[in-house]
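Colleague: Could you take a close look at the sheet for me, and explain how it sits within the rest of the chain? I am in my first year, so please give me the cut-offs behind each term as you go.

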Amino acid sequence: MYRKYCCARFGIRHEVSREEGINLRIVKPYPEHRMDTHNVYRFYLTPGYKEGQKKVVNHISIRYCPFCGTDLYGFYRSDFYINEEPGFF
Ligand SMILES: [Zn+2]
């Protein structure tokens, strides 16, 4: 299925594998870890990492697209975009 992105650059960084930095991971934290019940997804920029590298992965949580400025919390509101396990970061 075709994914609609706020901009092409965000789409590219989201679709690359987790090993290829810099990439974007979208996570839906477990309910008990959600501080904000209205915005259940979290968006992370990472320098790339291997599966199983848990807890040592550098990452920064972002709210706005670094390329086009879109409010990610408002734009991506579907499980369809999740590309990392809950609780990973
Ligand atoms: Zn964008």
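**The sheet and its surroundings**

Modeller: Read from the N terminus on, the elements of the protein chain follow the order α-β-β-β-α, which amounts to two helices and three strands; here helices (H or I, at least four residues) and strands (E, at least two) are DSSP runs, numbered from the N terminus. Please keep in mind that this is a predicted model, in which local features need pLDDT of at least 70 and side-chain atom pairs count only at pLDDT 80 or more, while totals for chains, interfaces and linings use all residues. Residues are numbered from 1 along each chain as its sequence is written.

The three strands form an open sheet in the order 1-2-3, and their pairing is antiparallel; two strands are said to pair if DSSP finds at least two bridges between them. The edges of this sheet are strand 1 (23-27) and strand 3 (60-62), each of which pairs on one side only. From one strand to the next the twist averages 35 degrees, where axes are lines fitted to C-alpha atoms, for helices over the stretch in contact, and angles run from 0 to 180 degrees between N-to-C directions. As a general point, strands of a sheet pair through backbone hydrogen bonds, either parallel or antiparallel.

Taking the pairs one by one, strand 1 is joined to strand 2 by five bridges, the two running antiparallel, and Leu24 stands opposite Leu45 in strand 2. Strand 2 (residues 42-46) also pairs with strand 3 in the antiparallel sense, over three bridges. Within that second pairing, Leu45 stands opposite Ile60 in strand 3, while the bridge partner of Phe43 in strand 3 is Ile62.

Just ahead of the sheet there is a detail of the backbone to notice: a cis peptide bond, with omega about -20 degrees, joins Gly21 and Ile22, and Ile22 lies in the loop between helix 1 (8-15) and strand 1.

Two of the strand residues already named also belong to the largest nonpolar core, since Leu24 and Phe43 are among its seven residues, together with Tyr5, Phe10, Cys65, Leu72 and Tyr76. Such a core is a set of buried Ala, Val, Leu, Ile, Met, Phe, Trp, Tyr and Cys residues joined through C-beta atoms within 7 Å, and a residue counts as buried if 20 or more other C-beta atoms lie within 10 Å of its own, exposed if 12 or fewer, and partly exposed in between, with C-beta atoms placed from the backbone. Over the protein chain, 17% of the 89 residues count as buried. Cys65, another member of the core, touches Cys6, Cys7, Phe10, Thr70 and Leu72 when residues up to four places away in sequence are not counted; a contact requires that the C-beta atoms of two residues, placed from the backbone, lie within 7 Å.

The end of the chain also comes into this picture, for Ile82, whose place is in the segment after helix 2 (72-75), is in contact with Ile26, Val27 and Lys28, leaving aside its neighbours within four places in sequence. Ile82 is partly exposed because it has 14 other C-beta atoms within 10 Å. Asp79 lies in the segment after helix 2 and is exposed, because 9 other C-beta atoms are within 10 Å.
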